[in-house]
Structure formats: C-alpha cells, structure tokens
Amino acid sequence: LIKDMELSKVLKMQLEALQSGIIETNKTCETIKEQNKKIKENEKLQSEFVANISHELRTPLNSIIGFSELLSNRLLGELNPKQSEYVEDIRVAALRLLGMINEVLDISKIESHTVKLNCSEVDMNLLIQEVCNILKPLSDKKGVNIVLNCSEDIIFLGDYVKFQQVIFNILGNAVKFSPENSEVAVFWEIVDGNIIIKIKDQGLGIEKKYQKKIFDKFFQIPDSTQNKEASTGLGLTIAKEFVKLHNGTIEVQSEPKNGAEFIIKLPYHG
C-alpha cells in the first residue's frame with residue numbers, strides 16, 4: 001500500500017511536470033510566432049525602404065548620365081581632350097553606380113516575391129546587341145573586344161527587360177574581370193529544343209570550390225588578384241533568379257588562369 005502511494009505520488013509529479021512542460025512549450029511557440037511576425041514586418045519595411053531609396057537615387061543619376069552623353073556627343077559644343085576624358089569618366093562611373101542601384105532594387109523585389117514576368121516576343125540578337133552598346137564605354141575603356149557569334153535569328157517568349165538584365169550582369173562581369181586588350185566571346189544557338197547562350201572571357205578564371213558560391217547573395221571571390229572595382233555582389237544572384245523565372249538554368253565552367261564561361265539554357269518553343 002505504501003509502495004502504491006509512493007508510486008502514485010511519483011506519477012502525479014511526472015504528470016504535473018509534463019503539463020508544465022506542455023504549457024511552457026506552447027508559450028515558447030507563441031513567442032516564436034510573435035517574433036517571426038515582427039521579423040516579417042521589419043523585412044517588409046526594409047524592402048519598401050530599399051525600393052523607395054533606389055527609385056530616388058536613380059532619378060538624379062539618369063540626369064548625370066544624360067547630360068554627360070550630351071557633352072560627350074558634342075551637342076553643346078566642342079571639348080578639349082582632357083574635358084572629353086573627364087566627361088567619359090563621369091559617364092562610366094554613373095553607369096556603374098546606376099547598375100549597383102538597379103541590383104539592390106532587383107534583389108529587394110526578389111526577396112519580397114513581387115517579381116513578375118512581363119512576357120512578349122524577344123529578339124535575342126537585338127537584345128544582346130543592345131547590351132553590348134550599353135557596355136561599350138566600359139569595354140572601350142579597357143580595350144576589351146566583344147565578339148558576337150550566332151548561327152541564326154532567335155525569337156523567344158520572355159521578359160525583355162529582365163533577360164536583358166541577365167545578359168548585362170554576366171557580360172558586364174566578363175568585361176570587368178577581363179585583362180586589358182583581351183576578348184570576350186558571346187555565342188548563342190538552338191540545340192535540342194533549348195536556347196544555349198555562352199559568354200566566355202580571358203580573365204583569371206574561377207576555382208572549382210567557388211563555382212557554385214558565386215551565385216550566392218553578396219559573395220565575392222576572396223582573391224587579392226581579382227578586380228577590386230566596387231560591386232554589390234548581387235549581379236549573378238539576380239541573373240540566376242531571373243533565368244529561373246524563365247524556367248532556365250545557368251552554370252559556369254572555368255579553370256584558374258584560363259578564363260570563365262557562363263552557359264545559360266532556356267527552353268525554346270519556336
């Protein structure tokens with residue numbers, strides 16, 4: 001009888017402990033839910049702030065780019081060689097800064113899941129040529145020759161602006177990380193129902209251990225010999241996300257000191 005009473009007390013204590021644990025667990029869950037709610041609200045506010053500030057910064061930058069182009073094209077009068085050099089430096093720096101702002105704006109939209117495709121018929125040849133024209137001040141400054149090679153005209157259904165950003169980010173990186181007076185090759189074709197785009201540079205290349213990490217947000221290769229120009233570390237992340245939105249894939253093939261080749265594959269419905 002005494003043993004039964006002691007056993008009853010033990011069971012009662014265990015039951016009370018279990019009930020207490022359940023109550024504490026429920027309280028902890030409620031606390032975590034409340035904290036997650038606050039985190040999501042803060043992330044939303046942060047994304048909205050980034051989007052607003054990015055829009056505000058783009059307006060004066062577009063003016064700087066526009067006026068520098070007017071001066072560069074001699075529409076307001078002749079410039080001496082030194083003035084021409086400074087105007088071109090202003091234009092190149094403004095284009096780089098605008099690109100960084102656009103990347104921050106794009107990643108904020110991706111993270112808030114507000115990115116939507118605005119699809120239409122896209123002329124791949126025209127799209128790539130336009131990107132080359134945008135990058136011309138940067139490629140000319142380094143003496144990098146962009147060589148275009150396509151086997152046929154390609155029209156596909158996609159978001160022109162977003163896919164142009166994909167090519168701009170990858171080709172822009174290829175120019176940036178290329179040595180002076182080198183070559184970047186761009187090739188595109190249709191193979192087995194897919195559009196294949198290859199962008200290859202003659203830069204330092206990418207070690208195998210970094211070839212997946214380079215698509216991670218903010219990642220930059222920790223190599224003192226790499227180009228140290230200002231960068232957000234978001235360009236390849238955005239390119240990968242925009243390619244995924246088009247149901248495509250992107251990968252890199254590279255060996256150190258032997259350049260890098262980025263390969264984009266998109267389904268083609270011709």
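At 64% relative accessibility, does N247 count as buried or exposed? N247 counts as exposed, because its relative accessibility is 64% (buried means under 20% relative accessible area, exposed over 50%, and partly exposed in between, with a 1.4 Å probe and protein chains only). This is a predicted model, so local features need pLDDT of at least 70 and side-chain atom pairs count only at pLDDT 80 or more, while totals for chains, interfaces and linings use all residues. Residues are numbered from 1 along each chain as its sequence is written, and side-chain values use heavy atoms, leaving out hydrogens and water.

**View 1. N247 and R74, two loop residues with a positive phi.** N247 sits in the loop between α5 and β6 (helices, H or I and at least four residues, and strands, E and at least two, are DSSP runs numbered from the N terminus). Follow α5 to where it stops, and N247 comes after it. The phi of N247 is positive, about 60°, even though N247 is not a glycine. R74 isn't a glycine either, and its phi is also positive, near 65°. Look for R74 in the loop between α1 (2–72) and α2. R74 counts as partly exposed, because its relative accessibility is 32%.

**View 2. The largest nonpolar core, with 46 residues.** A nonpolar core is a set of buried Ala, Val, Leu, Ile, Met, Phe, Trp, Tyr and Cys residues joined through side-chain atoms within 4.5 Å. Inside this one, F163 and I264 have the most contacts (contact means heavy atoms within 4.5 Å). Quite a list of elements each supply at least two residues: the helices are α2 (81–111), α3 (124–142), α4 (160–176) and α5 (235–245), and the strands are β4 (183–191), β5 (194–200), β6 (249–254) and β7 (260–267). Elsewhere there is a second, separate core of 6 residues, with I65, A94, L98 and I101 among them.

**View 3. I264 and the residues it touches.** Set aside the neighbours within four places in sequence, and which residues is I264 in contact with? They are F163, V166, I167 and I170, then I195, I196 and I197, and finally V243, T249 and I250. So if you picked out F163 and I264 in the view of the 46-residue core, here you can see that F163 is one of the contacts of I264.

**View 4. The buried residues of helix α5 and what covers them.** Pick out G235, L236, T237, I238 and A239, then F242 and V243, to find the buried residues of α5. Their cover includes two helices, α2 and α4, along with the strands β6 and β7. V243 turns up here as a buried residue of α5, and V243 is also one of the contacts of I264.

**View 5. Q165, a residue of helix α4.** Is Q165 buried or exposed? Q165 counts as buried, because its relative accessibility is 16%. Leaving out residues up to four places away in sequence, Q165 touches D106 and F242. You have already met F242, as one of the buried residues of α5.

**View 6. C119 and C132, in a structure with 0 disulfides.** A disulfide is a pair of cysteine sulfur atoms within 2.5 Å, and the structure holds 0 of them. C119 counts as partly exposed, because its relative accessibility is 43%. C132 counts as buried, because its relative accessibility is 10%.
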